Amino acid sequence: MLSRTADSLYWLARYIERAENIARIVQVGHRMASTAGSLGSPGNEWHSTLVAAGCEPGFYAKHGEARTTAVIDYLVRDPDNPSSILSCFETARRNARAVRTALTADMWDALNETWLRARDIRPDAFTPERVSDFLDWVKERSLLFNGAYANTMLRNDAYYFTRLGTFLERADNTARILDVKYHVLLPQDEGVGGAIDYSQWQAILRSVSALRSYHWVYHDRLQPWLIAELLILRREMPRSLISCFEQVTYYLDLVASDYGGKRGECHRLAGEMHARLRYGQIAKIMQSGLHEFLTEHIDRSMVLGNAIGTLYLDY
Amino acid sequence: MREARARGEAAGPFDETGGADPRPQYDLIRGWLADTPAEMVALKRREAELLFRRIGITFAVYTAGGDPERLIPFDIIPRVLDRAEWRHLSAGLIQRVRALNAFIGDVYNTREILRAGKVPETLILHNEAFHAEMQGFTPAQGVYTHIAGIDLVRVAANEFYVLEDNCRTPSGVSYMLENREAMMRLFPDLCARHRIAPVSHYPEELRAMLCSVAPPNCDREPVVALLTPGSYNSAYYEHSFLADEMGIELVEGADLVVDDNIAYMRTTEGPRRIDVLYRRIDDEYLDPLTFRPDSTLGTPGLFNAYRAGNLTLANAVGAGIADDKSVYRFVPEMIRFYFGEEPILKNVPTYCCAEREDLAYVLHNLHELVVKETRGSGGYGMLVGPQASASERATFAAKLKARPDDYIAQPTLALSTCPTFVESGIAPRHVDLRPFVLSGKEIHIVPGGLTRVALREGSLVVNSSQGGGTKDTWVLED
């Protein structure tokens with residue numbers, strides 16, 4: 001297939017996934033911030049939300065302080081922020097339009113309808129009181145798009161590149177969401193394991209739709225290292241890093257075998273990252289620092305993305 | 001000349017449905033319109049709009065403001081031709097397009113028609129649409145205008161005129177196809193009660209035609225691609241639609257690379273050779289090495305690959321010499337010259353302002369003529385004399401005197417009308433018809449074409465950039 005087509009499909013999937021994940025990240029922030037007051041937290045939840053979304057440099061270039069309304073607006077609506085939800089939809093549709101022939105009718109319908117409706121949303125839908133409805137809608141649209149392409153695309157290289165976009169972006173976002181916790185401060189008189197700490201972990205699990213899964217897997221009250229294990233190392237958790245990397249290596253292998261077995265640096269790197277997750281132990285990760293582990297993962301993902309680009313997508 | 005004009009004026013516009021003298025092919029539609037409650041019709045019209053918006057059939061218009069992705073209004077009342085009418089048109093179209101192809105091949109090779117004095121040599125050789133790069137080169141199967149859109153208008157029951165030939169990159173065929181889809185979806189019963197000749201096989205015909213003109217040195221199944229200027233082009237929807245329907249790659253200039261006079265597309269598996277390129281980019285932008293050096297839409301080296309016989313371009317470079325508005329009036333002569341036949345389809349009498357006598361006539365009769373730029377398209381830069389104000393005519397007269405070579409004039413034809421939904425209900429609106437003629441090894445025409453309708457009352461300009469709409473076009477089987 002055309003490199004440009006593969007590139008557009010890959011980014012299209014990434015941007016839809018990113019829109020969903022920004023919605024999830026804003027939901028965590030919102031929940032943490034709204035419980036913070038009653039629990040006496042120092043109140044930097046919105047700052048940590050920006051960090052998790054990877055949007056804090058852009059935000060502070062425009063705004064002085066991480067206040068609720070400004071952060072929500074920046075992450076959800078602001079056209080100046082290339083990762084805002086509305087910008088993601090805009091970019092996704094632009095990519096889709098450039099490769100319409102590579103999309104199934106259902107994919108196009110899902111995307112186009114999302115874009116058309118997002119354009120017509122009135123600004124008051126993004127106020128802190130009402131934004132939850134919008135965020136739920138964003139998740140619905142992403143689920144619809146993912147369902148549309150998973151159920152209607154031919155199983156060929158076009159599909160593989162779309163999958164790669166989805167899973168690389170998802171892994172990236174799971175790492176970022178988990179890292180939110182690192183940036184949120186706890187009050188001095190309240191340590192790890194207190195009421196605020198607990199509600200923050202709970203918010204993180206909710207944001208990746210994993211609170212119930214946690215209880216099914218561990219039958220235990222929320223423990224930070226178990227939560228980290230669930231989101232990093234457990235294969236049965238669909239948004240965990242290892243699940244995403246199983247998919248990434250799987251689809252990279254399919255592409256290689258479709259193309260006569262030719263492999264490149266991206267295959268080596270993805271395999272290495274997958275192995276690290278497969279044979280990793282949560283105790284070791286926590287010991288050497290969860291934040292450091294996640295940061296390194298995010299950096300390597302970026303290198304992997306570039307390597308995929310070099311081998312297949314750059315034109 | 002003067003006769004045709006007089007007739008056009010005397011009779012009112014011809015009503016496609018027959019008006020007071022009802023034509024049978026509209027019987028069922030008349031009944032349907034009478035029996036369907038107004039609210040139902042309104043509902044269906046809204047449904048149609050939603051349908052088109054959702055599929056994304058939009059048309060970008062080159063003016064600021066408003067929605068950049070505009071819908072071309074679709075009118076739900078079809079335009080109907082019977083078999084006999086279509087047979088006549090079809091024979092005329094095939095004859096005309098054969099002549100156009102013969103003419104293009106001739107002017108780039110032996111120039112017999114020029115030497116015989118049937119067409120003035122200066123008109124061709126000094127024409128901007130004449131590409132000297134094409135001289136002495138004959139493309140595969142000798143075809144130049146592979147896809148031709150011939151605009152027809154009707155002034156009486158048996159009187160059709162060719163308004164213009166579009167030999168370069170005519171667009172609109174996707175509307176022909178989608179209009180039919182919309183009608184079948186919105187009004188399945190009405191469609192089922194007619195025997196409508198299908199059009200949905202057009203993409204297959206197009207693909208087969210493109211394969212039939214692959215370079216002679218291509219010894220495998222030809223690789224065909226559609227070259228688009230990109231998603232900001234007004235006809236991008238059509239480009240993607242056709243590529244998709246044909247199952248071929250939709251490429252942009254940057255996706256192609258030419259190496260040793262062979263054209264390749266850049267794919268995830270490395271370069272892949274292309275044999276036939278259905279290009280929807282104008283000649284001037286095709287190859288910065290041969291044509292406009294500042295073009296970023298094309299691909300360097302494409303023209304050399306073409307001339308080397310390693311790639312077919314459809315339509316051929318330089319095909320525009322046949323649809324230049326100043327060449328138009330010679331088409332009947334081409335048919336006589338190449339085939340010794342009388343033209344089946346009529347030309348509109350045309351005054352060439354470059355000629356002194358014609359210019360004098362045009363200036364004197366501006367109030368009843370349509371004046372067009374020889375190089376204009378899309379309905380831009382034209383004057384409809386009877387509908388213009390005195391001061392508009394005066395301004396135009398000054399332009400005519402300053403640059404007479406740039407203009408031709410024709411009598412204002414009373415274009416036929418077809419009932420159409422407008423604000424106030426159903427009213428007659430002027431229509432034209434653009435059939436698409438495919439020339440490869442053989443010539444094929446899908447029955448019908450695109451009917452365009454001028455939605456403003458009294459307007460004779462059907463171009464979508466000027467507020468025109470479209471209708472489904474039915475050719476009824478016997």
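In this predicted model, the axes of helix α8 (residues 157-183) and helix α15 (residues 290-313), both of chain A, come within 9 Å and cross at roughly 160°, axes being lines fitted to C-alpha atoms, for helices over the stretch in contact, with angles running from 0 to 180 degrees between N-to-C directions. α8(A) is therefore roughly antiparallel to α15(A), a term applied to angles over 145 degrees. Helices (H or I, at least four residues) and strands (E, at least two) are DSSP runs numbered from the N terminus. Residues of α8(A), including A:L164, A:L168 and A:Y182, meet residues of α15(A), among them A:L290, A:L294 and A:I308, where contact requires C-beta atoms, placed from the backbone, to lie within 7 Å.

In chain B, an open sheet of four strands follows the order β7-β6-β11-β12 with parallel pairing, two strands being paired if DSSP finds at least two bridges between them. Strands β7 (249-251) and β12 (312-314) of chain B stand at the edges with a single partner strand each, so one side of each lacks a neighbour in the sheet. Neighbouring strands of this sheet are turned by 30° against each other on average, direction ignored. Strand β6 (residues 224-227) of chain B pairs with β7(B) in the parallel sense over three bridges, and B:L226 has B:L250 as its bridge partner in β7(B). Helix α10 (residues 236-246) of chain B lies across β6 and β7 of chain B and runs at about 150° to β7(B).

Residues are numbered from 1 along each chain as its sequence is written, while chains are lettered from A and ligands numbered from 1 in the order in which they are written. As the model is predicted, local features need pLDDT of at least 70 and side-chain atom pairs count only at pLDDT 80 or more, whereas totals for chains, interfaces and linings use all residues.

Note on methods
Parallel < 35°, antiparallel > 145°, perpendicular 65-115°, else oblique. Contact = placed C-beta atoms within 7 Å.
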